[in-house]
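Visitor: Take me in for a close look at the charged contacts where the two chains meet. I'd like one connected walk-through, please, with the surroundings filled in as you go.

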Amino acid sequence: MSLDTQKLDGSQRQQIMMSVQQQLALQNAQELLQKLSDKCFKACVAKPGSSLSSSEQKCITSCSDRYMDAWHIVSRTYAERIKREQYRH
Amino acid sequence: MSLASLANDPELQKFVAEKELENQLTAQVHHLTNVCFDKCLESNGNLSELSSRHTACLQNCVDRFLDCTTLITNRTIQRIQQGR
């Protein structure tokens, strides 16, 4: 589909940009959810039973909080690294 | 949507380029978190908070992983130039 974007008015352009932004945010959230489930299931559920025990639930909750903490630390460190590299060149 | 159709639209072109870059950076953060969570927290689910040791490990992990990538990239280029 070829789109002639010049024929769009200001608010339509805004809409498209917002829509792209939302799709990317959604993609990001899905990626995060997938990682959280993978990591924490592996870390917390050794032998799957007929339901999640309360200790498993507690573990999964902590695990996902810690993963999010780690995500923020990594994100900051990475951003700082990029800034450092930029100033070197 | 054909990106070629954006050739006459510098504003949208810039927007798409920015979003692509952002996306790449975010993907890299996901990957780094994946690797460093395993390395530093040893897949430990039950921590009530991250200690300063854990934080330092995560920070080092990011920097060392990127150093590793740089080293490998340079080495690979070297090999290609040497015709191996």
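## Charges across the chain contact

Guide: Let's start with a cluster: A:Arg81, A:Arg84, A:Glu85, B:Asp63, B:Arg64 and B:Asp67 are tied together in a network of salt bridges. Keep in mind throughout that this is a predicted model.

Within that cluster, pick out A:Arg81 and B:Asp67, whose side chains pair up in a salt bridge with N and O 2.8 Å apart. As for the elements on chain B's side of the contact with chain A, those that give two or more residues are α1 (10-41) and α2 (52-81) of chain B. Of these, α1(B) supplies the largest share of that side, with 16 residues.

Stay with B:Asp67 for a moment, since its side chain also makes a polar contact with the side chain of B:Arg64, at 2.8 Å. B:Arg64 is another member of the network, and you'll find it in helix α2 of chain B. Is B:Arg64 buried or exposed? Somewhere in the middle: its relative accessibility is 45%, so B:Arg64 goes down as partly exposed. If you want a sense of distance around there, B:His54 sits 10 residues from B:Arg64 in sequence, and the two C-alpha atoms are 15 Å apart in space.

Now zoom out to the whole contact. Chain B brings 36 residues to it and chain A brings 35. Together the two chains bury about 3500 Å², and 63% of that area is on carbon and sulfur atoms. For the polar side of the story, there are 12 residue pairs in polar contact between chain B and chain A, both partners at pLDDT 80 or more. Salt bridges between the two chains come to six, while a search over all chains of the structure turns up 12.

Next stop, A:Arg13, which has two acidic partners to look at. One is B:Asp9: the two side chains meet in a salt bridge, N to O at 2.8 Å. Since A:Arg13 belongs to helix α1 (residues 10-44) of chain A and B:Asp9 to the segment before α1 of chain B, this pair joins two chains. Both ends of the pair are tucked away: A:Arg13 has 12% relative accessibility and therefore counts as buried, and B:Asp9, at 3%, counts as buried too.

The other partner is B:Glu11, whose salt bridge with A:Arg13 has its closest N and O atoms 2.4 Å apart. This pair also crosses between chains, running from helix α1 of chain A, home of A:Arg13, to helix α1 of chain B, home of B:Glu11. B:Glu11 has a relative accessible area of 43%, so it is partly exposed.

Move on to B:Asp38 and A:Lys39, where the side chains form a salt bridge with an N to O distance of 3.2 Å. Again the pair spans the chains, with B:Asp38 in helix α1 of chain B and A:Lys39 in helix α1 of chain A. The two ends don't get equal cover: B:Asp38 is partly exposed because its relative accessible area is 29%, whereas A:Lys39 counts as buried because its relative accessibility is 12%.

For a contrast, swing over to A:Glu56, in helix α2 (residues 54-88) of chain A. A:Glu56 is buried but has no salt bridge. Which side chain of opposite charge is nearest to A:Glu56? That would be A:Lys47, at 11 Å. A:Glu56 does have a polar neighbour, though: a polar atom of its side chain lies 2.8 Å from the backbone nitrogen of A:Ser53. Setting aside neighbours within four places in sequence, the residues in contact with A:Glu56 are A:Cys44, A:Val45, A:Lys47 and A:Ser51.

Last, some background on chain B itself. Its fold has two helices and zero strands. Of its 84 residues, 29% count as buried. Chain B exposes about 5400 Å², with carbon and sulfur atoms supplying 53% of that area.

Note on methods: Residues are numbered from 1 along each chain as its sequence is written. Chains are lettered from A and ligands numbered from 1 in the order in which they are written. This is a predicted model: local features need pLDDT of at least 70, side-chain atom pairs count only at pLDDT 80 or more; totals for chains, interfaces and linings use all residues. Side-chain values use heavy atoms; hydrogens and water are left out. Helices (H or I, at least four residues) and strands (E, at least two) are DSSP runs, numbered from the N terminus. Buried means under 20% relative accessible area, exposed over 50%, partly exposed in between (1.4 Å probe, protein chains only). Lys and Arg count as positive and Asp and Glu as negative; His and the chain ends are not counted. A salt bridge is a side-chain nitrogen of Lys or Arg within 4 Å of a carboxyl oxygen of Asp or Glu. A polar contact is a pair of N or O atoms within 3.5 Å; within protein, one must be able to donate a hydrogen and the other to accept it, and residues adjacent in sequence count only if both atoms are side-chain atoms. Contact means heavy atoms within 4.5 Å. Accessible areas come from the Shrake-Rupley method with a 1.4 Å probe; for residues, only the protein chains shown count as cover. Buried area is the accessible area (1.4 Å probe) that two parts lose on being put together, summed over both.
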